[in-house]
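Me: I have a new model open and want to learn how to read it. Can we go through it feature by feature?

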Amino acid sequence: MFIYNIKLNGKSLFKIVFAILVVIISALFLTSSCKLLSSSFKVKDSVNTDINNISPDNYTNVLKAVYEDIDTYIGKEICFTGYVYRLKDFNEKQFVLARNMVANDPNTTFVVGFLCECDKSSEYPENSWVKITGTIKKGYYKGEIPIVKINQIESTEEPKDKLVPMPDDTYIPTSVAL
């Protein structure tokens, strides 16, 4: 059996507490840095693909990013699914490829989406679900907005979860969102 007699004075105690705090802060800093770097590499990997698929989980984050910085996204090709939504003042080639966004109250939703242009637009009735692949361009509808010029469109089944969440805290307003 060993018995240790440790005598601490104020200076020794301060040094020990200080050393422990430095180790804890360093560990937190390294963990945060690793998470930031690993998530940014994942996002940047998706930039290198020719077509950027938009999922229901990141739909509103991408939508917000593109609307806030149209010029960065011009020429980007995207692929996503939504339903055909038309307003009375759209021309025959236009519709919004829409999803319903859940607000703070689960019983309240808003229609959100990209204005799309397609020569075959009239073939798809209101509220029909379609999957599109298109290129983002700058357009005008009651102000300057992004418009998706559809390259490919096909009918699809209505998804089980039709709702998309509000933009979240992981939203990054840069071109790496696509």
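Reply: Let us begin with one side chain. K162 has 36% relative accessibility, so it counts as partly exposed. This is a predicted model.

Me: What does the side chain of K162 meet in a salt bridge?

Reply: K162 meets E158, at 2.9 Å from N to O. E158 is partly exposed too, with a relative accessible area of 46%.

Me: How many salt bridges does a search of the whole structure find?

Reply: Six. A salt bridge here is a side-chain nitrogen of Lys or Arg within 4 Å of a carboxyl oxygen of Asp or Glu. One of the six is K138 with D71, at 2.5 Å from N to O. K138 sits in strand β5 and D71 in helix α3 (residues 70-73), so this pair ties together parts that are 67 residues apart in sequence.

Me: Are K138 and D71 buried or exposed?

Reply: Take each in turn. K138 has a relative accessible area of 34%, so it is partly exposed. D71 reaches 52% and therefore counts as exposed. The pair also belongs to something wider: D71, K138 and E144 are linked in a network of salt bridges.

Me: Which parts does the salt bridge between K142 and D89 tie together?

Reply: First the geometry. The side chains of K142 and D89 meet at 3.6 Å, N to O. K142 lies in the loop between β5 and β6, and D89 in the loop between β2 and β3, so the bridge ties together parts 53 residues apart in sequence. K142 is exposed, with a relative accessible area of 67%. D89 is partly exposed at 44% relative accessibility.

Me: Now the overall layout. How many helices and strands are there?

Reply: The protein has three helices and seven strands. Read from the N terminus, the order of elements is α-β-α-α-β-β-β-β-β-β. Next, look at the contacts. Among those with a separation of 6 or more, residues 24 or more positions apart account for 69%.

Me: And the surface as a whole?

Reply: Of the 178 residues, 30% count as buried. The protein exposes about 12000 Å², and carbon and sulfur atoms supply 58% of that area.

Me: Which residues make the nonpolar surface patch of about 370 Å²?

Reply: A helix rule helps here. An α-helix has 3.6 residues a turn, so residues three or four places apart point the same way. Now the case: L13, V17, L21 and I25 make the patch. L21 is found in helix α1, which spans residues 10-47. L21 has 46% relative accessibility, so it counts as partly exposed.

Me: How much of helix α2 is covered?

Reply: Most of it. Helix α2 (residues 59-68) has seven buried residues out of 10. They are Y59, T60, N61, V62, L63, A65 and V66. Buried means under 20% relative accessible area.

Me: Which members of the largest nonpolar core touch the most other members?

Reply: F80, F95, F114, I132 and I153, in a core of 25 residues. Several elements give two or more residues to this core: α2, β2 (77-85), β3 (94-102), β4, β5 and β6 (144-155). The largest share is five residues, and it comes from α2.

Me: What is I132 in contact with, leaving aside its neighbours within four places in sequence?

Reply: Step along the chain to find them. I132 contacts I78, C79 and F80, then L97, and then V148, I150, Q152 and I153. There is also a second, separate core of nine residues, which includes F90, A98, L115 and I145.

Me: Let us finish on a loop. Where is S122 found?

Reply: S122 is in the loop between β4 (109-117) and β5 (129-140). S122 has 62% relative accessibility, so it counts as exposed.

Me: Which residues does S122 touch, not counting those up to four places away in sequence?

Reply: R86 and E92. Exposure and contact are separate readings, so check both: S122 counts as exposed at 62% relative accessibility, and it touches R86 and E92. For a distance along with these, use C-alpha atoms. Those of S122 and F95 are separated by 9.3 Å, and the two residues are 27 apart along the chain.

Terms used:
Residues are numbered from 1 along each chain as its sequence is written. This is a predicted model: local features need pLDDT of at least 70, side-chain atom pairs count only at pLDDT 80 or more; totals for chains, interfaces and linings use all residues. Side-chain values use heavy atoms; hydrogens and water are left out. Buried means under 20% relative accessible area, exposed over 50%, partly exposed in between (1.4 Å probe, protein chains only). Helices (H or I, at least four residues) and strands (E, at least two) are DSSP runs, numbered from the N terminus. Patches are made of residues with over 30% relative accessible area and no salt bridge: like charges are joined within 9 Å, nonpolar side chains (Val, Leu, Ile, Met, Phe, Trp, Tyr) within 5 Å. Accessible areas come from the Shrake-Rupley method with a 1.4 Å probe; for residues, only the protein chains shown count as cover. Contact means heavy atoms within 4.5 Å. A nonpolar core is a set of buried Ala, Val, Leu, Ile, Met, Phe, Trp, Tyr and Cys residues joined through side-chain atoms within 4.5 Å.
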